[in-house]
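Here is my note on the model you sent round. Please read it with the coordinates open.

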Amino acid sequence: MARTSGFFDALLSGGEYDRVYSSADYCDNLATVIKNGVRYSADNDLAVSAGNGMSITVGIGRAWINGHWFYNDTAYTDLFVSTAPTGSNSRIDRVVLRLNTAVATRSIELLIKTGTAAASPVAPPIERAGDVYELGLATILVNPGVTSITTDKITDTRADGSV
């Protein structure tokens, strides 16, 4: 049976440190005491709202995903819903916070996942496999031919434990 402990200051001895820790060591331990999700506070952390035209805004706030932290210190306005569907069917897009631990990426980012237009549209699924783990912040109903997103088309999903 293996036993481990940490975290302790590393001492340099003979040109090498006697303690070596990775971010995974830290995050694995932190994830046992801090639950995944958006911080619940009076600041309404990471609330999604309509911007200008097809843009949306994600408010200031913090979140934790598998021991990794995310902090947005100013309203983020660089997210855009893709062109509205044509024809008679709507679609549902999803705003997510995506942790990607792949060595080439190593980040948490905000993004919009575009749904598929359908008579009964559903939001794109949350991805939680391999190096990727997503938290759903909101869904957006995108009706055919619209040129702007309005607040009434945004559904807050931050408190939904399934996403």
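The points below go from the whole chain to one sheet and then to two asparagines.

1. Status. This is a predicted model. Please keep that in mind for each value below.

2. Elements. The protein has one helix and 13 strands. From the N terminus, the order is β-β-α-β-β-β-β-β-β-β-β-β-β-β. The helix thus comes after two strands, and the rest of the run is β.

3. Overall form. How does the radius of gyration of the protein compare with the globule rule? The value is 20 Å, and the rule gives 15 Å for 163 residues. The model is well over the rule, so the protein is more spread out than a compact globule. The box around the C-alpha atoms, taken along the principal axes, is roughly 70 × 30 × 30 Å.

4. Burial and contacts. Of the 163 residues, 35% count as buried. Take the contacts with a separation of 6 or more: 56% of them join residues 24 or more positions apart.

5. Surface and charge. The accessible surface is about 10000 Å². Carbon and sulfur atoms hold 51% of that surface. There are 13 positive and 17 negative side chains. The centres of the two sets lie 5 Å apart.

6. One open sheet. Which strands form it, and in what order? The order is β3-β6-β7, and the pairing is antiparallel. The edges are β3 (37-38) and β7 (68-72), each paired on one side only. Strands in a sheet pair through backbone hydrogen bonds.

7. Pairings of β6. Strand β6 covers residues 61-65 and is joined to β7 by five bridges. Two bridges join β3 to β6. Both pairs run antiparallel. For spot checks, start with tryptophan 64 of β6, whose bridge partner in β7 is tryptophan 69. Arginine 62 stands opposite tyrosine 71, also in β7. On the β3 side, valine 38 has alanine 63 of β6 as its bridge partner.

8. Faces of β6. Which residues lie on the covered face, and which on the uncovered one? Gly61, Ala63 and Ile65 make up the covered face. Arg62 and Trp64 make up the uncovered face. In a regular strand, side chains alternate between the two faces of the sheet. Read this with the pairings: Ala63, on the covered face, is the bridge partner of valine 38. Trp64, on the uncovered face, is the bridge partner of tryptophan 69.

9. Asparagine 66. This residue sits in the loop between β6 and β7. The hairpin of these strands has two residues between them. Phi of asparagine 66 is near 50 degrees, a positive value in a residue other than glycine. Most residues other than glycine have a negative phi. Is asparagine 66 buried or partly exposed? The relative accessibility is 30%, so asparagine 66 counts as partly exposed.

10. Asparagine 44. Here is a second positive phi, about 60 degrees, and asparagine 44 is not a glycine either. Where does asparagine 44 lie? The place is the loop between β3 and β4 (48-50). Asparagine 44 is partly exposed, with a relative accessible area of 43%.

Definitions and conventions. Residues numbered from 1 in each chain as written. Predicted model: local features only at pLDDT ≥ 70, side-chain atom pairs only at ≥ 80, totals over all residues. Heavy atoms only, no water. Pairing = 2+ DSSP bridges. Helix = DSSP H or I, 4+ residues; strand = E, 2+ residues; numbered from the N terminus. Rg over C-alpha atoms; globule rule 2.2 N^0.38 Å. Buried < 20%, exposed > 50% of the residue type's maximum accessible area, 1.4 Å probe, protein only. Contact = heavy atoms within 4.5 Å. Areas by Shrake-Rupley, 256 points an atom, 1.4 Å probe, with all protein chains shown as cover. Lys, Arg positive; Asp, Glu negative; His and termini not counted. Charge placed at Lys NZ, Arg CZ, Asp CG, Glu CD.
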